[in-house]
Amino acid sequence: MKFAMHSTRTPKLAEVIDCGCCNHFHPPGFDGDCRDGNNRLSADQLDAQYGPGGWIASNEGG
Ligand SMILES: [Zn+2]
């Protein structure tokens with residue numbers, strides 16, 4: 001695998017919430033229904049949008 005290093009700085013990663021309910025990801029601050037498809041992101045969608053490694057998932061804090 002080849003990595004392109006454009007900068008020594010760590011690029012800002014897009015943060016999403018790893019949802020334990022629907023096994024998808026939601027935007028930060030999302031407070032809606034998991035069936036809201038516009039706010040339900042799959043890893044593939046995030047890879048396409050931010051690139052692999054361009055996003056980070058955090059667990060919802062309860
Ligand atoms: Zn969900």
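How much of the protein do buried residues make up? They make up 6% of its 62 residues. Keep in mind that this is a predicted model. The protein has one helix and three strands, and reading along the sequence gives you the pattern β-β-α-β. As for contacts with a separation of 6 or more, 40% of them come from residues 24 or more positions apart.

**How the sheet is put together**

- The three strands make an open sheet in the order β2-β1-β3, and the pairing is mixed.
- At the edges sit β2 (25-26) and β3 (55-59), each of which pairs on one side only.
- Strand β1 covers residues 14-18 and runs parallel to β3, with five bridges joining the two.
- With β2, on the other hand, β1 pairs in the antiparallel sense, over two bridges.

**Who faces whom across the strands**

- E15 stands opposite I56, a residue of β3.
- D18 turns up in both pairings: its bridge partner in β3 is N59, while in β2 it stands opposite F25.
- As a general point, side chains in a regular strand alternate between the two faces of the sheet.

**V16, a buried spot in β1**

- V16 belongs to strand β1.
- Why does V16 count as buried? It has 21 other C-beta atoms within 10 Å, and the cut-off for buried is 20 or more.
- Leaving out residues up to four places away in sequence, V16 touches F25, H26, P27, P28, L41, L46, W55 and A57.
- Take H26 from that list: V16 and H26 are 10 residues apart in sequence, yet their C-alpha atoms are 5.6 Å apart in space.

**N23, in the hairpin**

- The hairpin of β1 and β2 has six residues between the strands, and N23 lies in that loop.
- What's notable about the backbone here is phi: N23 has a value near 60°, which is positive in a residue other than glycine.
- N23 is exposed, because just 11 other C-beta atoms lie within 10 Å and the exposed class takes in counts of 12 or fewer.

**G54, ahead of β3**

- Where does G54 sit? Look in the loop between α1 (43-50) and β3.
- G54 is partly exposed, since 13 other C-beta atoms lie within 10 Å; that count falls between the cut-offs of 12 or fewer for exposed and 20 or more for buried.
- Setting aside residues up to four places away in sequence, G54 touches L13 and A14.
- The A14 contact spans a good stretch of chain: G54 and A14 are 40 residues apart in sequence but 6.4 Å apart in space, C-alpha to C-alpha.

Definitions and conventions: Residues numbered from 1 in each chain as written. Predicted model: local features only at pLDDT ≥ 70, side-chain atom pairs only at ≥ 80, totals over all residues. Pairing = 2+ DSSP bridges. Helix = DSSP H or I, 4+ residues; strand = E, 2+ residues; numbered from the N terminus. Contact = placed C-beta atoms within 7 Å.
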